[in-house]
Amino acid sequence: MLRILIAEDEPLERQMLQDVLTWHFSYTADVRTVSNGIDAVSMASIWNADVLLMDIEMPGMNGIQAMFRILDTHPRTKCIFITAYEKFEYAREAVRLHAVDYLLKPVEDSELVAVIERVLAEKAREKQLDEQLKALRLPAGEEAPSEDTSSQSQTERLVRKMGEFLQKNYQWDVSQETICDILNMSTGHFSKMFRQCYGVKFIDYLTNIRVEAAKALLDDPTKRTKEIGSMVGYQSSSYFSKIFKQKTGLTPSEYRNRHSSA
């Protein structure tokens, strides 16, 4: 069951959000509420919330500050920001936090339901991903990966299998932390071995795969840029555009226009 935590300081707004989610997701979600950012940090950790529906403007600790603290210890928590203010700075911070969405008040019921349905789908994909990653563990009886030279070959085998896995599963919401947690390997050791095997950091390896896949998809004029970003693993279209431009020097639209006229 999806654990949804609502952090909203306005009582009526908080109750409305809870009522909508409880009504539409009574069998698939457990919905709880807090009234400020400090309580959100505490409850998210204790309860291990899957989704934070976070108001940005709250007294004491705002939603942006609270989410930074939550993601520091629970990086797989999904965040949906809600605010009455359409400020560029808020949107930029939401992108930095890889927020699922950024909703303006008053939030439409249909809009809220749609974004939670999207999160449910993402969580289902994450569960499948975890199962696939667990299948990459070494066979029973072999030594667990460590930094000892005696188990270096086993570790290298795991890392190379992971690189092959990413070539086929780059569209998943996969992080180095998630992989290390499932494989019971320290992030430092995994990162060191991954770079030795592939010559680049894990995130750069995954990003390069995603960008190359996006280039191929951009050749299809029937696919929208936002759709392509999602297809290669980026739920935020603005974050996808930013990463794509960093790697190619062009936005996805500029890349498409240049190659379609070539």
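These are my notebook entries on helix packing, aromatic pairs and burial in a predicted model.

**Entry 1. Overall make-up.** I began with the secondary structure and counted 12 helices and five strands in the protein chain. I then looked up burial for the chain, which has 262 residues, and 45% of them count as buried. For the contacts between residues at least 6 apart in sequence, I noted that 64% join residues at least 24 apart.

**Entry 2. Helices H7 and H8.** I next asked at what angle H7 and H8 pack. Helix H7 spans residues 176-183 and helix H8 spans residues 187-198; their angle is about 110° and their axes are 9 Å apart. An angle of 65 to 115 degrees counts as roughly perpendicular, and H7 and H8 are therefore roughly perpendicular to each other. I recorded the crossing of H7 and H8 as right-handed. On the H7 side, the contact is made by Gln176, Glu177, Ile179 and Cys180, and on the H8 side by Thr187, Phe190 and Ser191. Sorted by class, this contact of H7 with H8 holds three nonpolar, three polar and one charged residues.

**Entry 3. Burial of H7.** I stayed with H7 and asked which of its residues are buried. They are Gln176, Thr178, Ile179, Cys180, Ile182 and Leu183. Because six of its eight residues are buried, H7 is largely enclosed by the rest of the structure. I also checked the backbone beyond the helix: just after H7, Asn184 has a positive phi of about 55°.

**Entry 4. Aromatic pairs.** I searched the whole structure for aromatic pairs and obtained 10. One of them is formed by Phe194 and Phe202, with 5.5 Å centre to centre and 70° between the planes. Planes over 60 degrees apart count as edge-to-face, and the pair of Phe194 and Phe202 is accordingly listed as edge-to-face. I looked up the burial of both residues: Phe194 is buried at a relative accessible area of 0%, and Phe202 counts as buried at 4%.

I then turned to Phe244 and Tyr255, another edge-to-face pair, at 5.5 Å centre to centre and 80° between the planes. This pair links distant parts of the chain, with Phe244 in helix H11 (residues 237-248) and Tyr255 in helix H12 (residues 252-260), 11 residues apart. Phe244 is buried at 1% relative accessibility, and Tyr255 is buried at 11%.

I also followed the ring pairs to a cluster, in which Phe190, Phe194, Tyr198, Phe202 and Tyr205 are linked. Phe190 of this cluster had already appeared in the contact of H7 with H8.

**Entry 5. Helices H9 and H11.** I examined a second helix packing, that of helix H9 (residues 202-218) and H11, and found an angle of about 95° with the axes 10 Å apart. H9 and H11 are therefore roughly perpendicular to each other. From H9, Asp204, Thr207, Asn208, Val211, Ala214, Lys215 and Leu218 meet Phe240, Ile243, Phe244, Lys247 and Thr248 of H11. I sorted the residues of this contact of H9 with H11 into six nonpolar, three polar and three charged.

**Entry 6. Lys78.** Finally, I asked whether Lys78 is buried or exposed. Lys78 lies in strand S4 (residues 78-83). With a relative accessible area of 7%, Lys78 is buried, as the cut-off for burial is under 20%. Leaving out residues up to four places away in sequence, I listed its contacts: Lys78 touches Asp50, Val51, Leu52, Val100, Val119, Glu122, Lys123, Glu126 and Asp173.

Definitions and conventions: Residues numbered from 1 in each chain as written. Predicted model: local features only at pLDDT ≥ 70, side-chain atom pairs only at ≥ 80, totals over all residues. Heavy atoms only, no water. Axes fitted to C-alpha atoms, helices over the stretch in contact; angles between N-to-C directions. Helix = DSSP H or I, 4+ residues; strand = E, 2+ residues; numbered from the N terminus. Parallel < 35°, antiparallel > 145°, perpendicular 65-115°, else oblique. Left-handed = near helix turned anticlockwise from the far one by under 90°. Contact = heavy atoms within 4.5 Å. Nonpolar A, V, L, I, M, F, W, Y, C, P; charged D, E, K, R; others polar. Phe/Tyr/Trp six-rings, centres within 6.5 Å; stacked < 30°, edge-to-face > 60°. Buried < 20%, exposed > 50% of the residue type's maximum accessible area, 1.4 Å probe, protein only.
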